[in-house]
Amino acid sequence: MSAATSMPPLLPESKLTACPDCGAEVSRRAMSCPRCGGPVAQIVIVASAPPAAAPEKPAQSTSSRGVYCVLAFFFGLIGVHNFYAGFVAAGFVQLILSLTGVGLVVTVPWVIAEMLFQRTDGKGLRFQ
Ligand SMILES: [Zn+2]
């Protein structure tokens with residue numbers, strides 16, 4: 001019997017690594033070589049995801065569709081609802097057309113259509 005069926009010596013897991021720059025033994029946990037100062041540790045760059053931007057609430061008009069429709073109903077032929085909502089040019093056109101009398105042929109269906117279908121103000125923002 002041999003004295004010892006000696007187990008192969010457990011190699012201690014080396015805690016040292018060679019500095020890539022100067023070859024000195026450096027701890028694996030060291031960020032940089034103490035001899036030359038060169039970087040040792042593989043710096044894992046964790047890509048930090050930018051903070052998820054909160055879903056932007058679509059901007060809303062300061063004008064209300066209810067007020068717009070009421071104005072259109074009572075004063076629409078002189079473009080008041082369009083002045084209210086920021087469609088200044090359209091308001092002027094309706095005002096001028098209606099004042100001519102003949103233009104009512106245009107402004108009456110125009111204002112009705114606006115009451116029915118207009119959902120945004122002059123800046124393109126949805127009515128409240
Ligand atoms: Zn070094």
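**Exercise 1. Work out which residues cysteine 22 touches, leaving out residues up to four places away in sequence, and where cysteine 22 sits.**

Start with the partners: cysteine 22 touches Cys33, Arg35, Cys36 and Gly38. Touching, or being in contact, means that the C-beta atoms of two residues, placed from the backbone, lie within 7 Å. Before going on, note that this is a predicted model, where local features need pLDDT of at least 70, side-chain atom pairs count only at pLDDT 80 or more, and totals for chains, interfaces and linings use all residues. Residues are numbered from 1 along each chain as its sequence is written.

Next, find the place: cysteine 22 is in the loop between strand S1 (16–18) and strand S2 (25–27). Helices (H or I, at least four residues) and strands (E, at least two) are DSSP runs, numbered from the N terminus.

Now check a distance. Cysteine 22 and glycine 38 are 16 residues apart along the chain, and their C-alpha atoms are separated by 8.2 Å.

Last step: cysteine 22 has 12 other C-beta atoms within 10 Å, so it is exposed. The cut-offs are 20 or more other C-beta atoms within 10 Å of a residue's own for buried, 12 or fewer for exposed, and partly exposed in between, with C-beta atoms placed from the backbone.

**Exercise 2. Sketch the order of elements in the protein chain and say what share of the residues is buried.**

Count the elements: you get four helices and two strands. Read from the N terminus on, they run β-β-α-α-α-α. Then take the chain as a whole: of its 128 residues, 18% are buried. As for contacts between residues at least 6 apart in sequence, 32% of them join residues at least 24 apart.

**Exercise 3. Find the buried residues of H1 and describe how H1 meets H4.**

First, list the buried residues of H1: Tyr68, Leu71 and Ala72. Looking down the axis of H1, these fall within an arc of 100°, so they line one face of the helix. (The arc is that of the directions from the helix axis to the C-beta atoms.) They pack against H2 and H4. Turn to the face of H1 pointing away from the buried side, and you find the exposed residues Gly66, Phe73 and Phe74.

Now the geometry. The axes of H1 and H4 come within 9 Å and cross at roughly 165°. That makes H1 roughly antiparallel to H4. Axes here are lines fitted to C-alpha atoms, for helices over the stretch in contact, and angles run from 0 to 180 degrees between N-to-C directions. Angles under 35 degrees count as roughly parallel, over 145 as roughly antiparallel, 65 to 115 as roughly perpendicular and the rest as oblique.

Finish with the residues: Cys69, Ala72 and Phe73 in H1 meet Val111, Glu114 and Met115 in H4. By class, that contact has five nonpolar residues, no polar ones and one charged. (Ala, Val, Leu, Ile, Met, Phe, Trp, Tyr, Cys and Pro count as nonpolar, Asp, Glu, Lys and Arg as charged, and the others, Gly among them, as polar.)

**Exercise 4. Describe how helix H3 (residues 88–100) packs with helix H4 (residues 104–117), then place leucine 97.**

Begin with the axes: they are 8 Å apart, at an angle of about 135°. That makes H3 oblique to H4. Gln94, Leu97 and Ser98 of H3 make the contact with Leu104, Val106, Thr107, Trp110 and Val111 of H4. Sorted by class, this gives five nonpolar, three polar and no charged residues.

Then zoom in on leucine 97, which is in helix H3. With 20 other C-beta atoms within 10 Å, leucine 97 is buried. Leaving out residues up to four places away in sequence, leucine 97 touches Gly103, Val106 and Thr107. Leucine 97 and threonine 107 are 10 residues apart in sequence and 6.9 Å apart in space, C-alpha to C-alpha.

**Exercise 5. Is leucine 77 buried, exposed or partly exposed?**

Locate it first: leucine 77 lies in the loop between helix H1 (65–75) and helix H2 (80–85). Then count: leucine 77 has 19 other C-beta atoms within 10 Å, so it is partly exposed. Its contacts, not counting residues up to four places away in sequence, are Gln94, Ser98, Leu104, Thr107, Val108 and Val111.
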